[in-house]
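Take a look at the sequence and the predicted model below. The walk that follows goes through one sheet, strand by strand.

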Amino acid sequence: MPRALRYLAAFMVMPLLAQKPSTDTPTLKTAARLVLVDVVVTDHNGKAVHGLKATDFHLTEDNAPQVPRNFEEHTAAASAQASAIQMPPGMFTNFTTTPPDNVTNILLIDRLNTDQQDQLNLHRQLATFLKGATPGTRIGIFILGSQLAMLQGPTTDLTKLRAAMQSATTREAVLKPDQLHDSFADQMENLGASLAVVASLRQFEAQTNANQLDLRVKLTLAAMNQLGRYLSGLPGRKNLVWLSGSFPLNVFPNSIQSPDNPFVTVANYESELRKTTSLLAQAQVAVYPVGAAGLRVSPVFEAENNKTYANRLHASQASRAASDNSDFETTVVAENDTMNKMAESTGGRAFHDTNGLAEAVASALTDGADYYTLAYTPTNTKTDGGYRKIKLQLANPAYVLRYRRGYFASPTNVAAQTSAAMRGATALGTPAPTEIFLKSAVFPAVAGNPEEAVAASHNLLAANVTGPFQRYTIDTIVNPTDLTFEQGNDGKVVTNFDVAILVYSAQGMLMNHLINQLHASATPQEFQQDMQQGLQFHEEISVPAKGDYFLRIVLHDVATDKLGAIEVPIDSVRTLAPLHAATK
C-alpha cells in the first residue's frame, strides 16, 4: 500500500493522544534507496506508446545495469475527485487525499520574471485553456512573486479553477531591467558626458542588473524547492507547467555593457540548478517550461521603444542599438537553454517561441498524462552526495523517451541546508510541505480563553509586541514512517527533529514564535511498541488577544532535511473549549 494511504488508514482512526496502537508500524530505516523513474514514451507523431513491459527497457546508472524491482504503466483517464478529510473543530493536518494513480498538474504563473503586459495575455490564455480543459484533470494554480503563493490547491473542480484565474491579478516585474527607455548612463552620454564617466556609470548599472538577476534566480530556485517539498506528499507523477516571460539563468560574460570586468554579470548557478531539478525529480515532478512572452522580437525594433539610437555626440554611440540587439539574442539563447535543461533533467518538455500558450499548456498536460514508472535499488549504495546519471533505452529507436536524467545520492547528514529549508517552510501563506505528515490539535489553554498579561514560557516575542495575550495548546502527532531513525552507539534507536511554531499577523508580520530541537531515543523493543502510536509533542504559544492572526506549525527532520507544516487561522479555534484540563 502506498505511504499516503497507509498513513490515512492509521491517521483517521488515531486519536490525538492515542491509547490503541496503530497498524502502521514504523521500521528502522536503512541506507538502501529506492529510486523511482517516470518515463514518457511517444512515437514519431508524439503519441503515447502503450503496452510496454519492464523487459523492454534497458536501465543503467552511471553505465552500470540496474534491475527494476517494480514496473507500472499509468494511462490517462478521468480522475475521481479526491475526497477531503473532514476534520473536527480544532484538528488540522497537511495530509491530502490524492488518488494514488492520479496525475497532478501544477500551473505556475511566474509574476517575478514576466512583464505585466505578458501577464495579461497569459491570464487570458489560461482562462481559455480552462474553458476547454478535460473534465477530471487535476490542476493546481500557484503564483511566483517575491515568494510562492497558492492561488488554488490541486482539484478536479474546473469551476473553482476558473474562479481562481478570474481573481488573479498582475504586477510589474520590478526586478527586470527596463529595455525600452534610456538608462542613466545613456542619458548622460546623450548630454555629452565624458567617456570615462559614461563607462563608470555603465559598470555600476551592470553590477545593479547582476544583483537583481542574482535575486531573481535565488527567488525562483527557492520557489521550485518549495513546490518540490509541497508536492512530495502527493502520490504519483506531478507535471509542473512553469509559465514565465523570462528564465533568469545567465551563464555568458558580457563584454559590451561591462568592458572593464566582463564577468561582473555572470554568476554560475549550475550547482543550484542541478540540486533544484534533483529535488523536483525525487518528488516525481516533471517540469514543462512555457515561454509566456511568446514569439519574442528584439526590443530594439518594438514600437514602444523610447531609447535614443540616433544623433550621437560620441562615435561609440552608434553601436548602442547593436549592443542592445546582441544582448537580446544572447539572453534568448541562454533562457531557451535553461528551459531545455530544466525539462530534460526532470523528464518534461519545453515550449518556447510560441504565441499559442493555451495550446502549449494543453500539450504539456497531455504529454505527462501517460507514463511508465520503474523502481530500482541502485547497485552503488554510497551516499556521498555525488550525482548519479540515469539512462533508459528501448530496442525500438523510433520511440522518444523523456525521463529524469539523474539524482544526487545525498549523504545522511544535511544539516547545512537546515536554515534555508526552514525559512521557506515557515513563511506565512506559502504551500505547506508534505514530506512529513502531521496532525495537530490547536485549542485554547484555559476555559473561556481569558486574556493574559504575560506570554507563555519559552515564547520569543517580536520587538514591540505586548499583551494582552491568549494562550493556546498545540498537540501534534507525527507520522513516524516519514522520519529517519538511526542506530546509536548504545544500541538505541534515535531520531532528531526541529519544531517551530510561529504567530503571524494577517499582514504577514511575525509576532511570536518558539523553536525546539527534539531528540527521541528508545530501545528496539520500545521503538516497536511505543512508535506505533506516532511521535507526539506538546507546545504552548501566546497570541495577541486583539486582531487577526495565523499559526504556522513546522517540523524538520534533521537527518534528511524533510519538512512538514500546517497553517491554522486563530479565528477558527478562538472560541473552542480546551482540549486538556485548565492549566495555569
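**One open sheet**

Start with the strand order. The sheet is open and holds 4 strands, which run β4-β11-β1-β13 across it, with antiparallel pairing. Two of these strands stand at the edges: β4 (68-74) and β13 (400-403). Each has a single partner strand, so one side of each is left without a neighbour in the sheet. The sheet is also twisted in its strand directions: neighbouring strands are turned by 25 degrees against each other on average, direction ignored.

Now take the pairings of β11. This strand spans residues 371-376. On one side, 6 bridges join β11 to β4, and the two run antiparallel. Which residue of β11 is the bridge partner of N70? It is A375. P68 has its bridge partner in β11 too, namely Y376.

Next comes β1, residues 35-42. Here 5 bridges make the link to β11, again in antiparallel fashion. One point to find in the model is D38, which stands opposite T373 in β11.

Is β11 mostly covered or mostly uncovered? It is mostly covered, as 6 of its 6 residues are buried, each with under 20% relative accessible area. Now follow the side chains. In a regular strand they alternate between the two faces of the sheet. In β11, Y371, T373 and A375 point one way. Y372, L374 and Y376 point the other way. Both sets are buried.

Two of the bridge partners can be placed in this pattern. A375, the partner of N70, belongs to the set with Y371 and T373. Y376, the partner of P68, belongs to the set with Y372 and L374.

Terms used:
Residues are numbered from 1 along each chain as its sequence is written. This is a predicted model: local features need pLDDT of at least 70, side-chain atom pairs count only at pLDDT 80 or more; totals for chains, interfaces and linings use all residues. Side-chain values use heavy atoms; hydrogens and water are left out. Two strands pair if DSSP finds at least two bridges between them. Axes are lines fitted to C-alpha atoms, for helices over the stretch in contact, and angles run from 0 to 180 degrees between N-to-C directions. Buried means under 20% relative accessible area, exposed over 50%, partly exposed in between (1.4 Å probe, protein chains only).
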